[in-house]
Amino acid sequence: MFNRSVIQPGDSVETMIISVLLIVIPFLLGITVHELAHGFTAYRLGDNTAKSMGRLTLNPIKHIDPFGLLMIVFAGFGFAKPVPVNMNVFKHPKKFMAVTAFAGPLSNIILALFFAFLRGLLAMSLFNLDFQSPQVAAFLHSLINNIIAINLMLAVFNMLPIPPLDGSKILFSALPEQSYYRLMKLERYGFIVLIALIFFVPQFNSFLTNAISTLFGSFWYVSQVAFRLVN
């Protein structure tokens, strides 16, 4: 899931294009919904910063970080352009910042649940499609599965209590004011710590991969419920 290039040596051009699409499409969908959820929640809680910057949109171009997009293709790990939030305008800064932060991972879980349900509803249709176009059916199977997996990846990863990830804003909101703002200043160094963990600590990768795989497996039950509803 992490630290693995989408493009592998020896792949044909067609295989490389399909591999990139199967990762980039779910990634763009996931980060767009994630960042929109942050911005919309902040807006509803009194901060119109994201709205004034045109970030309350489902247009993925508004949320893409070019370097983060390249990393998802070549390193198996990527990120979006964070939605700006001015917590100082919140009536309850720490509490509302925690709610705003939680909205991102929650949106990814909801999106994963939706596509798990959709996978069950379309299971028979995709199976029937195999007789006419096995390549298209295989692509759609993989695309839906990747949308579920990548959204779960975004949810789990962002819930880690490491600045600047969402989990840190949720966990640290329980701290006293002075400690909270002192830890929030560590955000500038957090990205370096995350990169080091991802690329140099195998146990960190194993933990994330196992957590995502466990969640992904449990989502098969959602698909089975949907499948039974239409059969």
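Biologist: How many salt bridges does a search of the whole structure find?

Modeller: In this predicted model, a search of the whole structure finds one salt bridge.

Biologist: What makes the meeting of glutamate 187 and lysine 169 a salt bridge?

Modeller: The side chains of glutamate 187 and lysine 169 come to 3.1 Å, N to O, and because the cut-off is within 4 Å between a side-chain nitrogen of Lys or Arg and a carboxyl oxygen of Asp or Glu, the pair qualifies. Glutamate 187 belongs to helix H8 (residues 187–200) and lysine 169 to helix H6 (residues 166–172), so the pair ties together parts that are 18 residues apart in sequence.

Biologist: Why is lysine 169 called buried, and why is glutamate 187 called partly exposed?

Modeller: Lysine 169 has 12% relative accessibility, and buried means under 20%, so lysine 169 is counted as buried. Glutamate 187 has 28% relative accessibility, which lies between the limits of 20% and 50%, and therefore glutamate 187 counts as partly exposed.

Biologist: Why is helix H5 called oblique to helix H9?

Modeller: Helix H5 (residues 134–158) and helix H9 (residues 202–218) pack at an angle of about 130 degrees, with their axes 9 Å apart. Because roughly perpendicular covers 65 to 115 degrees and roughly antiparallel begins over 145, H5 is oblique to H9. H5 passes H9 in a right-handed crossing.

Biologist: Which classes of residue make up the contact of H5 with H9?

Modeller: The contact includes Ile148, Leu152 and Phe157 of H5, and Phe204, Leu208 and Ile212 of H9. By class, the contact has 12 nonpolar residues, one polar and no charged; Asn145 of H5 is among the contact residues, and Asn145 counts as polar because Asn is in neither the nonpolar nor the charged list.

How values were computed:
Residues numbered from 1 in each chain as written. Predicted model: local features only at pLDDT ≥ 70, side-chain atom pairs only at ≥ 80, totals over all residues. Heavy atoms only, no water. Helix = DSSP H or I, 4+ residues; strand = E, 2+ residues; numbered from the N terminus. Buried < 20%, exposed > 50% of the residue type's maximum accessible area, 1.4 Å probe, protein only. Axes fitted to C-alpha atoms, helices over the stretch in contact; angles between N-to-C directions. Parallel < 35°, antiparallel > 145°, perpendicular 65-115°, else oblique. Left-handed = near helix turned anticlockwise from the far one by under 90°. Contact = heavy atoms within 4.5 Å.
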